[in-house]
Amino acid sequence: MDRFQAMRIFVRVVEAQSFAAAARELGSSPPAVTRAVAFLEEITGARLLTRTTRSVTLTEPGANYYDDCKRLLADLEEAEAAAGGAYARPSGTLTITAPVLFGQMYIFPVMTEFLDLYPEVRGRVLLFDRIVNIVEEGIDLAIRIGHMADTSMSAIKVGTVRRIVCGSPDYFARRGRPQGPADIGTHRVVASTGSSAPLDWQFGVDQNIRLSVNARLQTNSIEAARKAAIDGWGLVRMLSYQAVPFIENGSLEVVLSDYEPEPLPIHIVHPEGRHAPAKVRAFIDLAVDRLRSDKRIN
């Protein structure tokens, strides 16, 4: 059996979490998929998968082997593309990661436009509100909001976002507007946070004004916090792109703009030193043009 084809089958089984589903996606039969995995287990001398009637999960050796297979298959795809001249034309699978809401609002529209322009490309957009190791996880590009700490990556700045405090017109009509950061203590606050630790908000270009916020309501969902603010419950702090549509339609109004910290940069990030295939270069060209021309983040 061809080892690379067996690796492709193994990767599909892992990602589909099912032998039968992988067989359907590959246009193969379940017995053929089972034989491919058994072949790999024989040549590696390790059990790669734990199988039950309902699920397929990776063993510890299987998880390491899966990562290696992904990397080897990606390298093989790039080598084949280079030999066939595909470095001059976008093809293959392009995988991008971005923060959840930013990806929904800004990256998905760019990706769908990109796929319309390049029919030989398949797209994967992985949305996480955490930093993903794009090298270890085989991701081509990442959208990062904030100052770059990893200098091993190539980063292209495409915009900026502000940290803003908002409330609804109805709320301000009832409770008044804070005139300075210290006034927040007299207002109700709904905080978007994943932690139960005390909330410290920084204000000023140098972030030299620190305020411990006593939020009566906390949530790990910015959408829920924003909805509470739109409904007039209290103040919310968020990144400006998360509020733009609601500021534009009058549902939210910004306060304390004179005290905002320095804006945060938005970068497209990819591994430095790698010869980027055409799919990566073409997406960067399109995304840079679309994002830099978007007034909501510039």
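**Notebook: pockets and helix H3**

I counted the secondary structure of the protein first and got 9 helices and 14 strands. I note that this is a predicted model.

Overall dimensions. I took the C-alpha trace along its principal axes and read spans of about 75 × 45 × 35 Å. I then looked up burial: of the 298 residues, 45% count as buried. For the surface, I have about 15500 Å² exposed by the protein, with 49% of it supplied by carbon and sulfur atoms. I also checked the contacts with a separation of 6 or more, and residues 24 or more positions apart account for 73% of them.

Largest pocket. I noted a volume of about 1100 Å³. I listed 32 lining residues, and Glu 15, Lys 70, Ala 74, Arg 124 and Gly 138 are the ones that lie nearest the centre. Next I asked which elements give two or more residues to this lining. They are helix H1 (3-16), helix H4 (60-83), strand S3 (92-98) and strand S4 (121-127). H4 gives the most, with 11 residues. I sorted the lining of the largest pocket by residue type and found 17 charged, 11 nonpolar and 4 polar.

Second largest pocket. I noted a volume of about 920 Å³ here. The lining has 35 residues, and Asp 129, Ser 192, Leu 239, Tyr 241 and Gln 242 are the closest to the centre of the second largest pocket. I went through the elements that each supply at least two residues of this lining. The strands are S3, S5 (141-145), S8 (190-192), S9 (199-203) and S12 (236-239). The helices are H5 (100-117), H7 (222-230) and H8 (240-248). I see S3 listed for the largest pocket and also for the second largest pocket. By residue type, I found the lining of the second largest pocket to hold 20 nonpolar, 8 polar and 7 charged residues.

Helix H3. I looked up one helix on its own, H3, which covers residues 30-44 and has 15 residues. I took its reach from first C-alpha to last as 21 Å, close to the 21 Å expected at 1.5 Å a residue. Which residues of H3 are buried? I have Ala 32, Val 33, Ala 36, Val 37, Phe 39, Leu 40 and Glu 41 on that list. Glu 41 is a charged residue, and I marked it as one of the buried residues of H3. Last, I checked what comes just after H3: Gly 45 takes a positive phi of about 70 degrees.

How values were computed:
Residues numbered from 1 in each chain as written. Predicted model: local features only at pLDDT ≥ 70, side-chain atom pairs only at ≥ 80, totals over all residues. Heavy atoms only, no water. 1 Å grid on protein atoms, 1.4 Å probe; cavity = no way out; pocket = protein on both sides within 12 Å on 5 of 7 lines; lining within 4 Å. Points joined across faces, edges and corners; volume = space filled by probe spheres on them. Helix = DSSP H or I, 4+ residues; strand = E, 2+ residues; numbered from the N terminus. Buried < 20%, exposed > 50% of the residue type's maximum accessible area, 1.4 Å probe, protein only. Contact = heavy atoms within 4.5 Å. Areas by Shrake-Rupley, 256 points an atom, 1.4 Å probe, with all protein chains shown as cover. Expected span 1.5 Å × (residues − 1).
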